[in-house]
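I've opened my notebook on a structure I haven't looked at before. Here is what I looked up, entry by entry.

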Amino acid sequence: MKRREFLQQQASFLLPLPFLSLRLNHLALNQGLVDYDTYAFTIGKFKCRVFKDSMFKYLGKDYFINAPQELITQELNRYHQQTDNIPSPFVALLIEDQTQKILIDTGIGLTRDPITFKGKSYHFQGRLLEILQQEGIRGEDITTLIITHFHPDHIGGVFSEAGKLNFPKATIKIHEAEWAYWHSAKSVNQPPLFHNFIEKNVTPLTKADLDLIKGDETELCSGIQAIHIPGHTPGQLALHIASQGEQFLYISDAFLHPLHMEHLDWQTNYDLDHAKAKASRVKLLDFAYGEQMLMQGFHFDFPGLGRVDKAGQNWKWVYTKK
Ligand SMILES: [Zn+2]
C-alpha cells in the first residue's frame, strides 16, 4: 500500500475522536504537500537529517501582531497560506560524524492526556522517537543533545511519559540564560502549559546531564558553534555548522515564518523581547547572507531549508533543497 493511501485510511479511523484534530491536521497536510518525515543532506563531513515530529496550526494574529491585516493576508497568499491557518512543523535535527550523534531539539513529545492551550484541547503525538527507531537510531546512541530554548515544541521529547530520559547517554547543552530565566520569578507570567513542559522535561535534569553554555559564541566541538540569539527567549541558541567549505545555520525560532525575514519590523506574540529579537534576526541574516549559507527554519515548510537573498533594501527567503 502506498503511504498516502495508508494515511487516508488512518485518517478515516481517527475521525470520530475530536481530540485527535492535531493528528488529522498533520495527515491532511501530508496529502497535498510533503509526504515524508525525514530529509537527509550533508554539510562536509557531517551527515544531517531533519525529522518531522508533528504538525501544528498557527494564526496570523499571533504570528504578526503589529502588521496591517490586509498586508498579512496578501503576503501569506504568496506562501499559499491563510491568516487562520499557518501550518507549521515541529522538527528535530540530527548531525553526525564518525564519532558523535548530535540531536538538536526534541519535538513536542507524547502526552497521554489532552492538553489545553489558548482555550483549545490538543493531544500531542510527537513522532521523533518513532522516526529515530525507523532510522535505526536508539536513544542511547545520541551523544549530545542541544536544546535551543525551552518552549514545549523543542523540549517535549527530553523525558518519556514515564519520566525516563529518552537520550540517557547524551550530554545536554543549554544556554545558561535560558535555564536562569525559566527558573526565576521573571517567567512567572508565562503560560502554565510552558511551565508544565519545563517542570517535566528540563527541571529534573541534573548537573551530571548538563553542560550550560555561557557567552555569545561557543564552539561545542570541531565544526559546530552555538550562537546566543536572545529575543524569542532570553537564552535561545542558533547553531552554525561548518565543514569542508560548506556552512549551515540552524536558526531555531529566531524567525517563525519567512515573512519575519521579509518584514523585519513585524513582531510575533511568541517573542519575549521584540527589540532583542530584531537585533538577533539582523545578526543572523547578515551572517548567513555574507557566507551564502544554507539555513533551516524550525517552523518553516518542512524540511525548512533555504537561503536568504536581497530584494532591493529588503531580505527575501528562498526555499531550496540541498
Ligand atoms: Zn518553536
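**Helix 10, then Y58**

I started on one face of helix 10, where A275, V282, D286 and G290 are exposed. Note to self: this is a predicted model.

Next I checked how long the helix runs. Helix 10 covers residues 274-290, which makes 17 residues. From first C-alpha to last it reaches 24 Å, close to the 24 Å expected at 1.5 Å a residue.

Then I asked which residues of helix 10 are buried. I found A277, S280, R281, L284, L285 and A288. They sit on the same side of helix 10, because they cover an arc of only 135° around the axis. That fits a rule I jotted in the margin: an α-helix has 3.6 residues a turn, so residues three or four places apart point the same way.

What covers those buried residues of helix 10? My list includes strand 12 (237-243), strand 13 (246-250), helix 9 (259-262), strand 14 (294-296), strand 15 (305-311) and strand 16 (314-319).

I also looked just past the end of helix 10, and there Q292 takes a positive phi of about 50°.

New entry, on Y58. I placed Y58 in strand 2, which spans residues 46-58. Is Y58 buried or exposed? I have to write "partly exposed", because Y58 has 19 C-beta neighbours inside 10 Å and buried would take 20 or more.

Setting aside neighbours within four places in sequence, I see Y58 in contact with Y63, I86 and S88. I also looked up D84: Y58 and D84 are 26 residues apart in sequence, yet 7.3 Å apart in space, C-alpha to C-alpha.

Technical notes:
Residues are numbered from 1 along each chain as its sequence is written. This is a predicted model: local features need pLDDT of at least 70, side-chain atom pairs count only at pLDDT 80 or more; totals for chains, interfaces and linings use all residues. Helices (H or I, at least four residues) and strands (E, at least two) are DSSP runs, numbered from the N terminus. A residue is buried if 20 or more other C-beta atoms lie within 10 Å of its own, exposed if 12 or fewer, and partly exposed in between; C-beta atoms are placed from the backbone. Two residues are in contact if their C-beta atoms, placed from the backbone, lie within 7 Å. The expected span of a helix is 1.5 Å times one less than its number of residues. The arc is that of the directions from the helix axis to the C-beta atoms.
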